[in-house]
Each structure stands twice: as structure tokens, then as C-alpha cells.
Amino acid sequence: MSDCLFCKIVRKEIPAKVLFEDDLALAFEDINPKAPTHVLVIPKKHLESLEEAGREDRECLGHLVMVARDLARRRGHRQSGYRTVFNTGPDAGQSVFHIHLHLLGGRQMAWPPG
């Protein structure tokens, strides 16, 4: 999608502090962090949300989760813990409609989160 913010980041039209990139995914620092570690992990393929994902996207979505885990470990959160979140739709807080996994760590998290 040409006007999607995250697609523009994937195409390098908008700068981001990239932490990971491969053929399927890109991970970068959130510009409005909610924790000391707040990374967004996105597929390079445009998908609006989990609701738009199909069976053919299972491998990519699993890959996003594993990328988040690896980044959390690199940040030293393996023992203390971290949170991964997909917000799906406006009521859940999704504001950019390109699926993205939030990786949050480095502080105590509250429950319930919303």
C-alpha cells in the first residue's frame, strides 16, 4: 500500500532506527516508547491486521514472534520478562493499519494492560 506509514519505512522512504531486517520482517524502535524497550516488528508484506491475515501468512506471523523473542533476549529481558502485543482494530488501540507486533520490556508491566 503506497500511503501506509510502515510500508514507507520498509521502502526506506521514512527513516527508522532499524534493529533487524530480513526478507520477511523489519524491526525498529517505536518513536513514542511506552517502556525502555519498545520495538515494533512488522512484516514487509502489507497486512492491515490479524483480521486480514490468511493461512498463507502463518509462517510470516510466527517469524515476527521469533524475531521479537530474539530482540528481547539481546536486550537482556530473557529472565525478567517482556510483553508482546498485536493490537487489532481501533478499539484495541491499533493506530497504524499495517500489522505490527509491539515488544515491550525493561519495566514492570501492569495487568490488565488496557
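Pro 112 sits in the segment after E5, where strands (E, at least two residues) and helices (H or I, at least four) are DSSP runs numbered from the N terminus. A cis peptide bond, with omega about 0°, links Trp 111 to Pro 112. Before going further, a word on the ground rules: this is a predicted model, so local features need pLDDT of at least 70 and side-chain atom pairs count only at pLDDT 80 or more, while totals for chains, interfaces and linings use all residues. Residues are numbered from 1 along each chain as its sequence is written, and side-chain values use heavy atoms, with hydrogens and water left out.

There's another backbone oddity at Lys 12, which is not a glycine but has a positive phi of about 65°. Look for Lys 12 in the loop between H1 and strand E1 (18-21). As background, most residues other than glycine have a negative phi, and most peptide bonds are trans.

Now for helix H2, which runs over residues 58-74. Its 17 residues reach 25 Å from the first C-alpha to the last, close to the 24 Å expected at 1.5 Å a residue; that expected span is 1.5 Å times one less than the number of residues. Cys 60, Leu 61, Leu 64, Val 67, Ala 68, Leu 71 and Ala 72 of H2 are buried, meaning under 20% relative accessible area (exposed is over 50%, partly exposed in between, with a 1.4 Å probe and protein chains only). These buried residues sit on the same side of H2 because they cover an arc of only 135° around the axis, taken from the directions from the helix axis to the C-beta atoms. An α-helix has 3.6 residues a turn, so residues three or four places apart point the same way. On the other side of H2, Arg 58 and Glu 59 are exposed.

Cys 60 brings us to the cysteines. A search of the whole structure turns up 0 disulfides, a disulfide being a pair of cysteine sulfur atoms within 2.5 Å. Cys 4 is in none, and its nearest cysteine sulfur, that of Cys 7, is 3.7 Å away. Cys 4 is buried, at 6% relative accessible area. For Cys 60, the closest cysteine sulfur is also in Cys 7, but at 12 Å that is too far for a bond. Cys 60 has 12% relative accessibility.

Two valines are worth a stop. Val 85 belongs to strand E4 and is partly exposed at 21% relative accessibility. It lies 81 residues from Cys 4 in sequence and 20 Å from it in space, C-alpha to C-alpha. Val 96, in the loop between E4 and E5, is buried at 17%. Its C-alpha is 8.3 Å from that of Glu 48, with the two positions 48 residues apart in sequence numbering.

Last, the largest pocket, which holds about 600 Å³ of space. On a 1 Å grid over the protein atoms alone, a pocket is an open set of points where a 1.4 Å probe fits, with protein on both sides within 12 Å along at least five of seven lines; lining residues have an atom within 4 Å of a point. The volume is the space filled by probe spheres set on those points, which are joined across faces, edges and corners. Of its 29 lining residues, Asp 30, Lys 34, His 38, Leu 40 and His 102 lie nearest the centre. Helix H1 (5-10) gives the largest share of the lining, 3 residues, and strands E2 (25-29), E3 (37-43), E4 (82-86) and E5 (101-105) each supply at least two.
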